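Biologist: Please take a close look at one part of this model, with the cut-offs stated, and then relate that part to its surroundings.

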Amino acid sequence: MIMDKIALILAITGGLNWGSIGVFGFDVVAYLCGGSTSAVSRVIYTLVGLAAIWCISLLFRDRDPVQAEAHA
């Protein structure tokens, strides 16, 4: 559960960064980390990519039966 939340936060962060690039032509991660080719930026980009892959699994997971009964 905590891994899901971390992955979602990272994926949202990446989406907002891409939105900033698309709308304003401004890469927030590169700006904050010293350029898009810096080691720190590359680590962040990699973590965001891995988080997005993790989030794909959220689409195919069944809801927890205990939570489903509580919401019914």
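Modeller: I start with F26, which is partly exposed because its relative accessibility is 38%; buried here means under 20% relative accessible area, exposed means over 50%, and partly exposed lies in between (1.4 Å probe, protein chains only). The model is a predicted one, so local features need pLDDT of at least 70 and side-chain atom pairs count only at pLDDT 80 or more, whereas totals for chains, interfaces and linings use all residues. Residues are numbered from 1 along each chain as its sequence is written, and side-chain values use heavy atoms, with hydrogens and water left out.

Rings of Phe, Tyr and Trp (its six-membered ring) pair if their centres lie within 6.5 Å; planes under 30 degrees apart are called stacked, over 60 edge-to-face, and the rest tilted. This rule gives one aromatic pair. In that pair, F26 and Y31 are tilted, with 5.2 Å from centre to centre and 50 degrees between the planes. Y31 is exposed, since its relative accessibility is 60%.

For the wider setting, the protein has four helices and zero strands, in the order α-α-α-α from the N terminus. Helices (H or I, at least four residues) and strands (E, at least two) are DSSP runs numbered from the N terminus. Of the 72 residues, 18% count as buried.

The part I take closely is helix α3, residues 39–60. The expected span of a helix is 1.5 Å times one less than its number of residues. The 22 residues of α3 should therefore span 32 Å, and the end C-alpha atoms are 33 Å apart, which agrees. The buried residues in α3 are S41, V48, A51 and C55. Viewed down the axis of α3, the buried residues fall within an arc of 85 degrees, so they line one face of the helix; the arc is that of the directions from the helix axis to the C-beta atoms. The face turned away from that buried side carries the exposed residues A39, R42, L50, I53 and F60.

V43, L47, L50, I53, I56, L59 and F60 make a nonpolar surface patch of about 770 Å². Patches consist of residues with over 30% relative accessible area and no salt bridge; like charges are joined within 9 Å, and nonpolar side chains (Val, Leu, Ile, Met, Phe, Trp, Tyr) within 5 Å. The areas come from the Shrake-Rupley method with a 1.4 Å probe, and for residues only the protein chains shown count as cover. L59, a member of this patch, is exposed because its relative accessible area is 68%.

Next come the contacts with α1. A salt bridge is a side-chain nitrogen of Lys or Arg within 4 Å of a carboxyl oxygen of Asp or Glu, and this rule gives one. It joins the side chains of R61 and D4, at 2.7 Å from N to O. R61 lies in the loop between α3 and α4 (65–71) and D4 in helix α1 (residues 2–24), so the pair ties together parts that are 57 residues apart in sequence. R61 is partly exposed at 38% relative accessibility, whereas D4 is buried at 12%.

A11 also lies in α1 and is partly exposed, with a relative accessible area of 26%. A11 and G49 are 38 residues apart in sequence but 7.6 Å apart in space, C-alpha to C-alpha. L16 is in α1 as well and is exposed at 60% relative accessibility. The C-alpha atoms of L16 and V28 are separated by 9.1 Å, with their positions twelve residues apart along the chain.
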